[in-house]
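Me: I am new to reading protein models and would like to look closely at one part of this one. Could you take me through it slowly and then show me what surrounds it?

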Amino acid sequence: MNKKLFAAAIVAASLAALPAFAQDTTPASTYTGNAQDNFQPGQPVGSGNWFIDANVGRTGGGNGGFGQNLGTYNFNKGERDRRTGYGLTGGYRWKVGQDFGLGVEAGYTDLGNFRVKNIFNSQPVNQSSTTNALRGWLVGVNGRMNLVQGWYLSARGGYFHANNYNHVFTSDEVAQGLTTGGKAGRGSWYAGLGTGWDIDQHWGVGVAYDYFHANAGKIRDTNTGAITSDLKRSTGIVSLNGEYRF
């Protein structure tokens, strides 16, 4: 609950700060401008841009946290734990300094319900009816720091509302007396880091790692009453992304 409140507080604080940054929303006509500016050069501090960001990559599930999931990511393992994921977000970002941008975002992500290789066989590409991989809506904040004109580092995070998790027990699990003990919390959080290159004032490309935290509820042993409360369905994704700024 504390993590949910923390994520909500970040979003609320950012929304409250919008009027302070919305002093000048006139975009620059060219990418090159003030030699002192690295973030959106030629655009005045306090102005901003609407943007759309799309990403596609490979996912990796696990019960570990943000760093643990990234640390155990195996690019060579491609079957059970690696699937194709994608995301689409939109929002508004302000230039808050010569090298910095801060914005708000909202969007959707799907972390493994599509198996692209099935294009070449008779199996369905969309496997959401059988796989039920993590997916859901998000709202949060994002930041950009340009080290030089073009090259940026990015970070984002906020609230994530996951899809329902319908665990189907095997016959062995039923025989052992296992059952779900409590509803899965659908409200949780996400965070990500990335880097890339701004091709011009409007277009940018990059790579990123994003982690989406989600619970799968509790598992109860009806024989002993023991409850496993740390069952997770959290998922990370390493992806390529592209952004267009209006």
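In which strand does Trp203 lie? Please start there and work outwards.

Reply: Happy to! Keep in mind that this is a predicted model. Trp203 lies in strand β8, and that strand covers residues 203-212.

Let's begin with the surface. Trp203 has a relative accessible area of 48%, so it counts as partly exposed; the label "exposed" would need over 50%. Trp203 also belongs to a nonpolar surface patch of about 750 Å². Its partners there are Leu147, Val148, Trp151, Leu153, Trp197, Ile199 and Val205. Two strands, β5 (151-162) and β8, each supply at least two residues of this patch.

Now follow β8 along to Phe212. Its ring pairs with the ring of Tyr190: the centres are 5.7 Å apart and the planes meet at 15 degrees, so this is a stacked pair. Planes under 30 degrees apart count as stacked, which is why the small angle settles the matter. Tyr190 sits in strand β7 (residues 187-198) and Phe212 in β8, so the pair ties together parts 22 residues apart in sequence. Unlike partly exposed Trp203, both Tyr190 and Phe212 are buried.

The same strand also carries a charged residue, Asp210. The side chain of Asp210 meets that of Arg156 in a salt bridge, with 3.1 Å from N to O. Arg156 lies in β5 and Asp210 in β8, so this bridge ties together parts that are 54 residues apart in sequence. Both ends are tucked away from the surface: Arg156 is buried at 18% relative accessible area, and Asp210 is buried at 5%. So β5 and β8 come up together twice, in the nonpolar patch and in this salt bridge.

Arg156 leads us on to Thr89. Thr89 is in strand β2 (residues 84-95) and is buried, at 8% relative accessibility. Leaving aside residues up to four places away in sequence, Thr89 touches Phe51, Ile52, Asp53, Ala106, Gly107, Leu138 and Arg156.

Strand β2 has a salt bridge of its own. Lys95 pairs with Asp37, and the closest N and O atoms are 2.6 Å apart. Lys95 is in β2 while Asp37 is in the loop between α2 and β1, so the bridge ties together parts 58 residues apart in sequence. Lys95 and Asp37 are both buried. The loop between α2 (18-21) and β1 (48-61) also holds Gln40. Gln40 is buried at 2% relative accessible area, and has a positive phi of about 45 degrees although it is not a glycine. That is worth a second look, because most residues other than glycine have a negative phi.

Back to β7, where Asp198 forms a salt bridge with Arg144, the closest N and O atoms being 3.7 Å apart. This pair links distant parts of the chain, with Asp198 in β7 and Arg144 in strand β4, 54 residues apart. Asp198 is buried at 3% relative accessible area, and Arg144 is buried at 7%. Arg144 has a second role in the picture: its charged end sits over the ring of Tyr152, 3.8 Å from the ring centre. Arg93 does something similar, with its charged end over the ring of Phe51, 4.3 Å from the centre. Arg93, Arg144, Asp198, Glu243 and Arg245 are linked in a network of salt bridges.

To finish, step back to the whole chain. It has four helices and eleven strands, and buried residues make up 41% of its 246 residues. A search of the whole structure finds eight salt bridges, and there are eight aromatic pairs. Among contacts with a separation of 6 or more, 70% join residues 24 or more positions apart. The Arg156–Asp210 bridge, with its ends 54 residues apart, is one example of parts distant in sequence being tied together.

Technical notes: Residues are numbered from 1 along each chain as its sequence is written. This is a predicted model: local features need pLDDT of at least 70, side-chain atom pairs count only at pLDDT 80 or more; totals for chains, interfaces and linings use all residues. Side-chain values use heavy atoms; hydrogens and water are left out. Patches are made of residues with over 30% relative accessible area and no salt bridge: like charges are joined within 9 Å, nonpolar side chains (Val, Leu, Ile, Met, Phe, Trp, Tyr) within 5 Å. Accessible areas come from the Shrake-Rupley method with a 1.4 Å probe; for residues, only the protein chains shown count as cover. A salt bridge is a side-chain nitrogen of Lys or Arg within 4 Å of a carboxyl oxygen of Asp or Glu. Buried means under 20% relative accessible area, exposed over 50%, partly exposed in between (1.4 Å probe, protein chains only). Rings of Phe, Tyr and Trp (its six-membered ring) pair if their centres lie within 6.5 Å; planes under 30 degrees apart count as stacked, over 60 as edge-to-face and the rest as tilted. A charge sits over a ring if NZ of Lys or CZ of Arg is within 6 Å of the ring centre and within 35 degrees of the ring normal. Contact means heavy atoms within 4.5 Å.
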